[in-house]
Amino acid sequence: MLDRDEDILKAAEDWQKAGRGVALATVVETWGSAPRPAGSSLVINDEGTFLGSVSGGCVEGAVVAEAMDVIQSGKPRMLEFGVADETAWNVGLSCGGTIRVFVEKVG
Amino acid sequence: MKLAILHELNAERAARRPAILVTDTGSGEQRLVKSADFAKDPLRIELVKQLRMGKSGNVEAGGKKLFLNVYAPTAKLVIIGAVHISQALAPLARSLGYDVTVVDPRTAFASPERFPDIPLVAEWPDTALPPLNVDAYTAFVAVTHDPKIDDPALLHAFERGCFYIGALGSRKTHAKRGDRLRAQGAKDSDIARIHAPIGLAIGAVSPSEIAVSIMAEITAVLRLPPKEKEEAA
């Protein structure tokens with residue numbers, strides 16, 4: 001309850017209906033001190049415009065880049081970010097947490 | 001996410017009905033469970049628990065890892081009475097994430113100077129309440145001590161099924177209130193829903209402490225499972 005996110009799901013639907021390619025990235029798991037809780041999401045269109053947040057700014061750039069691939073391929077993927085996993089991803093969360101982000105195409 | 005699911009989810013959110021999106025994070029398969037279907041869903045125990053806490057999270061079922069994304073409406077708090085307690089209660093509730101509205105037909109009480117930045121409706125409840133869309137995600141608090149204002153407001157709250165209904169007053173004044181409301185058509189089960197005396201018994205003295213006891217009680221009703229709720233009350 002008490003969800004204060006701007007209405008990004010409405011934007012996802014509007015973009016899709018306007019003919020844009022759209023992806024949705026959702027935090028599905030967090031460990032340690034993650035800035036945004038599970039369920040937080042980011043919606044991205046094929047122009048690179050995005051709304052919402054999954055980390056408060058730490059990893060959004062990387063998520064947007066991945067989302068572009070997902071819009072192209074249509075295949076969902078799971079991303080993991082955090083200081084504990086430097087080999088897979090170069091973007092660390094400065095707060096020391098780890099997050100898993102599910103990225104899927106809308107439509 | 002399929003466009004049809006997104007469309008349905010947005011419709012539920014616009015109607016202020018909770019819904020949970022279940023995603024198989026392995027395959028990407030998804031389904032939307034609307035609140036009306038929770039009871040017959042195989043994941044009902046998990047769904048109800050996650051919804052009560054307002055938290056999204058993972059569960060394992062049938063060898064699959066499922067992510068339950070909870071979409072719950074923003075809770076509202078409607079305060080009848082622009083009194084001293086309300087001046088402490090409104091900002092406290094807002095800091096807890098509630099959409100707060102204060103209703104009081106007495107314009108001397110419902111003045112912006114006394115309630116900076118809080119939406120105020122200086123109208124009688126029969127005019128003020130219908131547009132506020134009081135619903136099952138609304139906590140409703142009547143604190144004017146004036147039956148002309150509190151009583152019709154409480155009748156409205158019963159009708160709309162607010163998750164919490166509280167009213168100021170001692171046991172004696174509450175008994176009289178029960179008689180008055182029954183005379184106006186309220187059922188015993190409606191009267192029983194009123195938390196009165198309002199708030200948890202924490203020995204609150206000042207308006208701010210009473211506000212804390214009220215918000216603590218509202219939080220308990222919102223978050224605790226039914227059995228623990230009874231024990232806390």
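The exercises below, each with a worked solution, concern a predicted model.

**Exercise 1.** Work out how many helices and strands chain A has, and in which order they run from the N terminus.

*Solution.* Begin with the count, which gives two helices and five strands for chain A. Then follow chain A from its N terminus, where the elements appear in the order α-β-β-β-α-β-β.

**Exercise 2.** Describe chain A by its buried residues and by its accessible surface.

*Solution.* Of the 107 residues in chain A, 47% are buried. Turning to the surface, the accessible area of chain A is about 4700 Å², and carbon and sulfur atoms contribute 48% of that area.

**Exercise 3.** Decide whether Glu12(B) is buried or exposed, and find what surrounds this residue.

*Solution.* First locate Glu12(B), which lies in helix H1 (residues 3-14) of chain B. Its relative accessibility is 5%, and because buried means under 20%, Glu12(B) counts as buried. Finally, leaving aside residues up to four places away in sequence, Glu12(B) is in contact with Arg17(B), Ala19(B) and Lys34(B).

**Exercise 4.** Characterise how helices H5 and H6 of chain B cross, and which residues make their contact.

*Solution.* A pair of packed helices is described by the angle and the distance between the two axes. For H5 (residues 147-160) and H6 (residues 171-183) of chain B, the axes come within 11 Å and cross at roughly 65°. The crossing of H5(B) and H6(B) is right-handed. On the side of H5(B), the contact is made by Pro147(B), Asp150(B), Asp151(B), Leu154(B), Leu155(B) and Phe158(B), while H6(B) provides Arg177(B), Arg180(B) and Leu181(B). Sorted by class, the residues in this contact are five nonpolar, four charged and no polar.

Note on methods
Residues are numbered from 1 along each chain as its sequence is written. Chains are lettered from A and ligands numbered from 1 in the order in which they are written. This is a predicted model: local features need pLDDT of at least 70, side-chain atom pairs count only at pLDDT 80 or more; totals for chains, interfaces and linings use all residues. Side-chain values use heavy atoms; hydrogens and water are left out. Helices (H or I, at least four residues) and strands (E, at least two) are DSSP runs, numbered from the N terminus. Buried means under 20% relative accessible area, exposed over 50%, partly exposed in between (1.4 Å probe, protein chains only). Accessible areas come from the Shrake-Rupley method with a 1.4 Å probe; for residues, only the protein chains shown count as cover. Axes are lines fitted to C-alpha atoms, for helices over the stretch in contact, and angles run from 0 to 180 degrees between N-to-C directions. A crossing is left-handed if the near helix is turned anticlockwise from the far one by less than a right angle, and right-handed if clockwise. Contact means heavy atoms within 4.5 Å. Ala, Val, Leu, Ile, Met, Phe, Trp, Tyr, Cys and Pro count as nonpolar, Asp, Glu, Lys and Arg as charged, and the others, Gly among them, as polar.
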